[in-house]
Amino acid sequence: MARSTFGKIGIVGLGLIGASLGLALRKREVGEEIFGFDIDPERRQNAEEIGAVNTTWETLNHLAAADILVLAVPPPSIIPCLLEADVFCKDGCIVTDTSSVKGSILQWTKSYPLKFRPRFVGGHPMVGRATSGPEEADADLFDGGTWVFTPTGDTDKKALGTMEKLVRAVGGHPIQLSPEEHDRHAAVLSHVPHAIASILIRMSAMLTHPEMAGSSWQDLTRVASSSPDLWQSIFANNRDQVVSALEDLEFHIHEMRGFLEHNDDQKILELLNESKHLKDGIIS
């Protein structure tokens, strides 16, 4: 793939996702130039040192040359960045984000006359790690991972196609969902698991010997080490879907508790067999 395929690519936010994307783009020689922005000078320096970007800037207006602008910032920062980008983005620039919540952002874009609105392609790479920051960045982070795009009826099809090609170029697998479908999926597949991990950690801390924990506990609680500030904002921005998913979880917990209380071992076995079948055959 030619280096000039995607032109100049600007990345706003040089944490794990932003810096990993820069590394992935440069490793695969995708894009004419990769440059970035972050309010944290240490992150800017680290991103340059690891080779995630050609150069970094401390003000967003320096990203005006971008043909594609990626907003790799937490959910509360997306709209402020969109407003600022609306001032400096050049004509024809494609803008996307990596936020784990889509509904509220896409709803806002319908009410605000962004000049690039048809070329704003909501996105979310379903990858990550418990740790954050450019020092944890990995050029292969997106390999085989799902990258969700949430186009609306107003989304420019060419812009969407360009972003799907870019995702494939860095090893990802693009799919399309509506913003509402995305937020429901994210609640069940990402946000509630994080809530469960946090709850299990608190329960474990009440035990006399939590060091007894094995690999299953480690697997289930890994994400509890993630940034509390980030996850509080994710929960808040996807509040309704997380509440709905937690209500569904309560139903299933109540069901299993009932089987145990009534000594219905056969029902427990059926439940476990069904779960194993689903895990092995559908969500392997």
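This section describes the central sheet of the predicted model, a helix that packs on it, and several individual residues.

The sheet is open and is built from 6 strands in the order β3-β2-β1-β4-β5-β6, with parallel pairing. Its edges are formed by β3 (55-57) and β6 (120-121), each of which pairs on one side only. Helix α5, spanning residues 157-169, packs on this sheet and touches β1, β4 (68-71), β5 and β6. The direction of helix α5 makes about 55° with that of β5.

Within the sheet, strand β1 (residues 8-12) and strand β2 (residues 33-37) pair in the parallel sense over 5 bridges. Three of the facing positions can be listed along β1. Lysine 8 stands opposite glutamate 33 in β2, isoleucine 9 has isoleucine 34 of β2 as its bridge partner, and valine 12 stands opposite phenylalanine 37 in β2. Both strands are mainly covered. In β1, 4 of the 5 residues are buried. In β2, 4 of the 5 residues are likewise buried, so this strand is largely enclosed by the rest of the structure.

Isoleucine 68 belongs to strand β4. Its relative accessibility is 2%, and because buried means under 20%, isoleucine 68 counts as buried. Beyond its neighbours within four places in sequence, isoleucine 68 is in contact with Phe6, Lys8, Ile9, Gly10, Cys93, Ile94, Thr162, Met163 and Leu166. Of these partners, Lys8, Ile9 and Gly10 fall in the residue range of β1, whereas Thr162, Met163 and Leu166 fall in that of helix α5. Isoleucine 68 and serine 225 are separated by 157 residues in sequence and by 32 Å in space, C-alpha to C-alpha.

Lysine 102 is located in the loop between β5 (94-97) and α4 (103-111). Lysine 102 is buried, with a relative accessible area of 0%. When residues up to four places away in sequence are not counted, lysine 102 touches Asp97, Gly122, Gly123, His124, Thr150, Pro179, His182 and Asp183. One of these, Asp97, lies within the range of β5.

Methionine 126 is placed in another loop, between β7 (123-125) and β8 (146-149). With a relative accessible area of 32%, methionine 126 is partly exposed. Together with Val188 and Leu189, Met126 forms a nonpolar patch on the surface, and the accessible area of the three residues together is about 260 Å².

Leucine 220 lies in helix α7, which covers residues 215-221. Leucine 220 counts as exposed because its relative accessibility of 53% is over the 50% limit. Apart from residues up to four places away in sequence, leucine 220 touches Ala197 and Leu200. The C-alpha atoms of leucine 220 and glycine 18 are 26 Å apart in space, and the two residues are 202 residues apart in sequence.

Terms used. Residues are numbered from 1 along each chain as its sequence is written. This is a predicted model: local features need pLDDT of at least 70, side-chain atom pairs count only at pLDDT 80 or more; totals for chains, interfaces and linings use all residues. Side-chain values use heavy atoms; hydrogens and water are left out. Helices (H or I, at least four residues) and strands (E, at least two) are DSSP runs, numbered from the N terminus. Buried means under 20% relative accessible area, exposed over 50%, partly exposed in between (1.4 Å probe, protein chains only). Contact means heavy atoms within 4.5 Å. Patches are made of residues with over 30% relative accessible area and no salt bridge: like charges are joined within 9 Å, nonpolar side chains (Val, Leu, Ile, Met, Phe, Trp, Tyr) within 5 Å. Accessible areas come from the Shrake-Rupley method with a 1.4 Å probe; for residues, only the protein chains shown count as cover. A salt bridge is a side-chain nitrogen of Lys or Arg within 4 Å of a carboxyl oxygen of Asp or Glu. Two strands pair if DSSP finds at least two bridges between them. Axes are lines fitted to C-alpha atoms, for helices over the stretch in contact, and angles run from 0 to 180 degrees between N-to-C directions.
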